[in-house]
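Explain how the side chains of this model pair up, beginning with the charged ones and ending with the aromatic ones. Running paragraphs are enough.

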Amino acid sequence: MLSRLRFTNFKAWGKVDLGCARVTGLFGTNSSGKTSILQFLLMLKQTKEATDRAISVELNGEYVQLGTFRDTIHLHDEKGPLKLMSSLCVIIILY
């Protein structure tokens, strides 16, 4: 289970540090960046599943179409790095 998601310079977000639980809701006004968080997770999924290992990040794939790197990076500043870190919580049940 994903327990924490952190990234910088993705679309509407300069910096995100989001704690996650078994059920996590995203609430906010229109155009506040809720969909951007979901798009980030979908981008990670399609990057993991991509067959072309020459591509570092799969911006346009089966799950999400993000356009170019410039379209994706926060404030369209191509000098700003896209960084990510996530934490997983492994639950082991012993009987």
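D17 counts as partly exposed because its relative accessibility is 47%, a value that falls between the 20% and 50% cut-offs. The model is a predicted one, and in it the side chain of D17 meets that of R4 in a salt bridge, with N and O 2.6 Å apart. This pair joins distant parts of the chain: D17 belongs to strand β2 (residues 13–19) and R4 to strand β1 (residues 2–10), with their positions 13 residues apart in sequence. R4, at 31% relative accessibility, is partly exposed too.

The D17 and R4 pair is one of 3 salt bridges in the structure. Side chains of opposite charge can pair when their charged atoms come close. Another of these bridges is formed by K45 and E49, whose closest N and O atoms are 2.9 Å apart. What separates K45 and E49 along helix α1? The two are 4 residues apart in that helix, which means about one helical turn. An α-helix has 3.6 residues a turn, so residues three or four places apart point the same way. K45 has a relative accessibility of 37% and therefore counts as partly exposed; E49, at 38%, is also partly exposed. A further salt bridge brings together the side chains of E78 and R70, at 3.6 Å from N to O. R70 is partly exposed, with 44% relative accessibility.

Helix α1, which holds K45 and E49, covers residues 34–49. It has 16 residues, and the distance from its first C-alpha to its last is 24 Å, close to the 22 Å expected at 1.5 Å a residue. Which residues of α1 are buried? They are S36, I37, Q39, F40, M43, Q46 and T47. L42 is found in α1 as well, but this residue counts as partly exposed because its relative accessibility is 32%. With neighbours within four places in sequence left aside, L42 is in contact with Y63 and V64. S31 lies 11 residues from L42 along the chain, and the C-alpha atoms of the two are separated by 19 Å.

The buried residue F40 leads from the helix to the aromatic side chains. The structure has 3 aromatic pairs. In one of them, F7 and F10 have ring centres 5.9 Å apart and planes at 85°, so the pair is edge-to-face; an angle over 60 degrees is what that class requires. Both F7 and F10 are buried. F10 also pairs with F40, again edge-to-face, at 5.1 Å from centre to centre and with 70° between the planes. Because F10 lies in strand β1 and F40 in helix α1, this pair ties together parts that are 30 residues apart in sequence.

How accessible is F10, and what class does that value give? Its relative accessibility is 0%, so F10 counts as buried. F40 has a relative accessibility of 0% and is therefore buried too. Ring pairs link F7, F10 and F40 into a cluster.

Strand β1 thus appears in two of the pairings described here: R4 of that strand bridges to D17 in strand β2, and F10 of that strand pairs with F40 in helix α1. R4 counts as partly exposed at 31% relative accessibility, whereas F10 counts as buried at 0%.

How values were computed. Residues are numbered from 1 along each chain as its sequence is written. This is a predicted model: local features need pLDDT of at least 70, side-chain atom pairs count only at pLDDT 80 or more; totals for chains, interfaces and linings use all residues. Side-chain values use heavy atoms; hydrogens and water are left out. The expected span of a helix is 1.5 Å times one less than its number of residues. Buried means under 20% relative accessible area, exposed over 50%, partly exposed in between (1.4 Å probe, protein chains only). A salt bridge is a side-chain nitrogen of Lys or Arg within 4 Å of a carboxyl oxygen of Asp or Glu. Contact means heavy atoms within 4.5 Å. Rings of Phe, Tyr and Trp (its six-membered ring) pair if their centres lie within 6.5 Å; planes under 30 degrees apart count as stacked, over 60 as edge-to-face and the rest as tilted.
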